[in-house]
Structure formats: C-alpha cells, structure tokens
Amino acid sequence: ADMGHITLPRRMFLWCMASIYLFAFVSLYVQIPGLYGNDGLLPARWQLRYSGKPLWEQFLSSPTLLWMAPRLGLDTHTAMELLCLIGAALSLAAVLVDALRDSIVFLCLWVLYMSLYQVGQVFLYFQWDSLLLETGFLCILVAPLTLIRGSRGVREHDGVTFWLARWLLFRLMFASGVVKLTSRCPTWWGLTALTYHYETQCIPTPLAWFAQQLPVWWQKLSVVGTFVIEIAVPFLFFSPLRRLRLGAFYLQVLLQVLIILSGNYNFFNLLTLALCLSLLDDQHVHFWLGKAQKNNNNNNNGMVKQKYCTPSYIQKVCVCVSVCFCRCACIQGFLRRFWGSMQWTIFAAAAAAMFTISLVPFTYVEYDSNASLWPGVRRAYEVVDRYQLVNSYGLFRRMTGVGGRPEVVIEGSNDRVTWTEIEFMYKPGNLSAPPAVVTPHQPRLDWQMWFAALGSYTQAPWFTSLMYRLLQGKRDVIELIQSDVTQYPFHQEPPTYLRAHRYKYWFTEPKADGSYPERWWRRVYVEEFYPTVQLGDSFLDSMLLQYGLKDKSAPRRLSNATVPRAVRWVRSQVRGVPAPLLIWSLFACSASLCLLRVLQNNKKPRESEKALVEEKPTMTASDHAKSAADGSSDITGQPDEPQEEEEEEEGSEDNEGQVEKDTVGDEEEEEEEEDAEEDERERDDDSLRKRK
C-alpha cells in the first residue's frame, strides 16, 4: 500500500517514543532499590557472576552494560540506577530537542533498556517491555541521522522503514484477537468476557466500576466490537484506499482510549497509539491542523524517484557524459544519488530481514504455519531472540477471575493475636479505597501480586523473599508498598509475624434507589495463601534456601567516588515522591516547554509577514504589467512569498517536530541547484549542436 507523505507522522512517532522511553525509565528507576537493590526482593547482583572472563565473553553471555560496573567502581544496584538516570535524561532531551530524535540517540536508549531488561527477571518479563524493545529498535531504523549529517529532510527509504511500524501494529492487534479464540476460553466464545474483565483486571480505574454496571447486552456487543477491531480491521492497515486506512486508525485509537480509561496498563496503550501513527500521512495531519497542504515536490519521495527513472532523465545523463566539460560538475550529483541508492538498498534489506524473522513468533498462533517456515529463518530468529528484536504477542488470552477476583492480603502481628492488614498503594485491598489511576507508571510488585493470586506461593518464589524482607523491615521494599512509609502500619517496628490469605473480590453494585454504595469492593475469604512465619522460622529458611534467596556473598561496600555519590544524591531527592506524580511532573514541564517554543516560533513568521505588508509600496498598472512580464508576481499582482520567510516558517515547524510540514534538507536544495545548472548547460549544448 502507498504510504504517501509520511514525514509528519514519522516525526510524531519519534516524539511519542521519546516520551514513552521517559515514562519507562523513570517508572523503573523509582522501584530499583526495592526490586533489585542489595536489600531488595531479587538483587540484581545475583544475575551477574564476575568470573574473570574477558569483557567481550561476558557481553555474549548476557548483553548488558552492567558488566562494566566494577570497572567504574559501582555495584550492580548503583549501576542500574545510573543507567536509568542516563536513559531518563536522554529521553527527556529527545522530547525537548528535535535534533536529538536521532538514530544514534534511539540506539543508546535501546541499549540502556536492554541492559536493564537482561537482569530484570520476573519483574521485567511483561509483554509491554518486549514491545518497547522491539518498537525502540524500529526507531533506530526510522529516525534520521541528524547528529552526523545535519539534515532532517526526507529520505527515499523512509517509507520502507516506517512500514515496519505498521507491520508490528498488525501483528500486535491481530494476534491479540486471534488468541482469544484459539484459547477456547468460554467467556470469549460466549461473548461474556467483559462482564468479568473490568473488576478482574490487575489495577482497574474508578471508571471501571461504572463500566461494570453496564447491561449484559452492551457488554456482549462490546466483545463483538473488540473482535472486529482486533481481527478484521488490522487487514485494512494495508489497504490501498486511504480512507480505509484512516478509518482503521480511528477504530484502533477508540479501543486504546477506552482501555486507558478503564484500566491501568502503564505505557502499553501509549505504545500502541504511537504505532497507530504509521497509518497516517502528512495530508491528514494538515487536516487536523486546519491547513491546506502545499504542493512541494521536494518532499515527495515518489516524485524524486520517478524523476530519476524517466527516459528523458537517462538521455540527459548520456549527454552529460558525452560532453567533457560537464563531467566534473556531474561527479558530486552522481555520488549523492549513488549514496541515496545505497541507503535505500541497505535499509530495504534491513526491513526485509526484520519482516522475515518476525514471521517466526507471529506464526505461533497457528502450529502448522509455524512448522512450515524455512529452517534458515528459525535459526536467524534464534540468533537475535535474546535481543528482543521481534516477539510474539497475545493479550487477555483467557479471562481470569470468572468466579471472583482472587486477591492476596498480607497481615502482620506482634503478638499473633491482633492482625493488621498491609495495604498496597495501587492494588485492591481496602474495600473503601477507590481504584487508583497510575498510568503511565507500572507498579511492578502490585502486578506480580495479581499473578501470584492466580496460583500458589510455590509458583512465585519472589513472594517468599517479600515476606522475608518485610520481617526484616527493609525500607526499600516497604516503599514499594507505600511510598510514604508513615502509611505503612509497621513503619516504626517490623512485625514479628506475617501471614497471607486469599480472598475473592467483586465490585459493589448501586443501591436499589440508584444511589452509590459506600464501598467500592466486597469480598469473601477463600483460604490461607502463605502460612504464619517469623525470622528464624524453619519453614521460611527452607523456602529461602530452596529458591536460592539467601545471601551467598556480601555486597560491595559503598564507594565514595563522585559518580556513586551523585547517584545516591539523586535518590535522596526523589525518595518518598509518588512515581505517577514524578512522571507527570517531568512530562508536563517538557511538554509545556515544547508548546511555548512552538508558539514563539510561529509568532515570528506572522510578525515578519505583517512588516512586509506594511512596507510594500502601492503598485501602479504599469508596475503590474512590468512585474507580470518579469514573471515575478502571480495573477493577483501579489508578490511571491519571500524565501527567507518560508525558511523561517519551516524552521519553526521543524522545531515543533510533529505537527508542522516537512523541511527540505540542505543537501536536497544543493542538488536542485546542480540539476538546474545541468539542465541549462544541456540546453546550451543542444542549441549548439543544432546550429552546427
């Protein structure tokens, strides 16, 4: 399908990806001490065994920059925080500065997140982490090389690389719809899945309570709509008809917005919305802005390519080659075109390779198709699998909690008589507490508590570590439960005993008179989830040994070097700040700065245009005739728009990066001038030959 002009959607996509990287790095940074610190649930230093092997061999065994931590005098925990801070700073800079939304910058962001993913264990093994890495790698191919070449102009291969984002969107949505049917889940086949979904999802929003009260016929109709949007509509992504692609775009946006309003799925839905931008073109973005798209052949890849493939152009090249004094002038233009062709070939080959290996995880939804793939494709996929370049997806395969939402509640006591529930910030627990709104933050412990409730504690070894750290009173772990430790019931003294019970939760219903109930939830007791334990308990010690959760070696001593001290200082400044507040504060400030810069840059062209209108002298009839004869004015007698104003306007629009029209790179302008000179020389040669 024809991509059309995709410069503006491409820039919008890169801006969105820089913002999502910011969300991901900041969200993870806040939780690193409690999850991966030396006193955390799963210390990251256990994942890296420094055996004295060469650094390159260590990278091959586990591709992460954390192998370099000892060489910098850092322990693994501090190195993880440093990588997060660098990633957050780099992504924030990319949000603010258009020139930093560059292929090299996105490569650095991908390497940083990949390094964290390699030691993240179960707390980073979510589909959105894999999707972020895959989409982030596509950004390396889609983004321009601004820092090296200094040009943000259109490239002939942009349509090819940006097509990969559309293909990823298709794989994500189509697979998510198909697995609902192939799983043979009775709720999806019976169209009743959404009658359970809103109250059984991991962290619902307050609007989920209201969605749960909708009539059953509406819930069934919503399931049908979900199947249509996830299974049928994705085929329209590749339709040659532009209107069908735009219709598919708005349907996907509708689904993602409804999911965001009813559930907290961190940055996952934002990632999907960013991929949906691949369905747009410049013309539709101009329609949003209320602007008429100007004809600009310089930004038309297809026109440029067609120009170089016409017989007249080939004839011109032959004439130029035959004329000796034109050869030197043609060399630079030829090399530029040759380099452009080489770029197109390389990026097209990369896109074809990405598409080919993505067939392996995509065909997991159908066994026969997967088995019929060429073995060479499988081997290629196995080579790159550890880098998360392509992944399989399938959301809400089966609907859980049909008989009630299972929830684990931890209780503590000092006398084994009076028990106090330990309430989490985000997951349901307190019956009167309203559901939280935490998007785009992902509280990873709360999410894993939801998964743990679906099985037994033996399927979640980290839960034993959680009980152990709470008995020890480790503050880093307590802050995962309550960022304000004063809200933790045992903040002054750790509990002597801990236990966990499993309950089933349901949303409450409106009263008979239509008024709202006093509580959001109701629950019933089901069973004991984890037995009563204390420090030194034989059962607890055996579980810690069985899962390898006992410290086998002492952690590295804290370094007083500059970098570790700076990392610890940053941590002291953000300690106790709720993660959603920190994320939205950073994003709101950066978005406000971007908006102010855009408004300021848009104001300059208007002032310049006003000044030109005031200075323009009144033209007489003879002046009109003269200017018309000179070809310097249009049929209305208005002078052409000054080139300086156009360039200034283009510069302001380029700074906006996602809502203004394309700018023509310096190299494209130089190439046009050279082509014009060549055409003039060729016409002189033709006239000379005719006279001879």
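Start by selecting Val30, Gln31, Glu479, Leu480 and Ser483: among the 21 residues that line the largest cavity, these lie nearest its centre. The model is a predicted one.

**The largest cavity**

With those five residues on screen, colour the elements around them. Helix H1 (7–36), helix H20 (444–453), helix H22 (475–481) and helix H24 (562–574) are the elements that give two or more residues to this lining. H1 gives the most, with 4 residues. The space in this cavity comes to about 250 Å³. In the structure as a whole there are 4 cavities of 30 Å³ or more.

Next, colour the lining by residue class. The lining holds 10 nonpolar, 5 polar and 6 charged residues. Then switch to colouring by domain: domain 1 (1–155 + 554–602) and domain 2 (405–553) each supply at least three residues to the lining.

**Strand S1 and its partners**

Move to residues 405–413, which make up strand S1. Is this strand mostly covered or mostly open? Mostly covered: 9 of its 9 residues are buried. In a regular strand, side chains alternate between the two faces of the sheet. Show the side chains of S1 and look along the strand. Arg405, Glu407, Val409, Glu411 and Ser413 point one way, while Pro406, Val408, Ile410 and Gly412 point the other way. Both sets are buried, with "buried" meaning a relative accessible area under 20%.

Now add residues 497–507, strand S3, which runs antiparallel to S1 and is joined to S1 by 9 bridges. To check the register, select valine 409 in S1 and histidine 501 in S3, which are bridge partners.

Add residues 420–421 as well. These form strand S2, which pairs with S1 in the antiparallel sense over 2 bridges. Here the pair to pick is glycine 412 and threonine 420, the latter being the bridge partner in S2. S1 and S2 make a hairpin, with 6 residues between the two strands. Within that turn, select arginine 416 and read its backbone torsion: phi is positive, about 65 degrees.

**Helix H14**

The last stop is residues 282–289, helix H14. Which of its residues are buried? They are Asp282, His284, Val285 and His286. Display H1 and helix H12 (242–262) alongside, since the buried residues of H14 pack against these two helices. H1 is already familiar from the cavity, where H1 gives 4 residues to the lining. Finish by stepping just past the end of H14 to glycine 290, where phi is again positive, at about 70 degrees.

Terms used. Residues are numbered from 1 along each chain as its sequence is written. This is a predicted model: local features need pLDDT of at least 70, side-chain atom pairs count only at pLDDT 80 or more; totals for chains, interfaces and linings use all residues. Side-chain values use heavy atoms; hydrogens and water are left out. On a 1 Å grid over the protein atoms alone, a cavity is a set of points where a 1.4 Å probe fits but cannot get out, and a pocket is an open set with protein on both sides within 12 Å along at least five of seven lines; lining residues have an atom within 4 Å of a point. Grid points are joined across faces, edges and corners, and a volume is the space filled by probe spheres set on the points. Ala, Val, Leu, Ile, Met, Phe, Trp, Tyr, Cys and Pro count as nonpolar, Asp, Glu, Lys and Arg as charged, and the others, Gly among them, as polar. Domain bounds come from an automatic or database domain assignment. Buried means under 20% relative accessible area, exposed over 50%, partly exposed in between (1.4 Å probe, protein chains only). Two strands pair if DSSP finds at least two bridges between them. Contact means heavy atoms within 4.5 Å.
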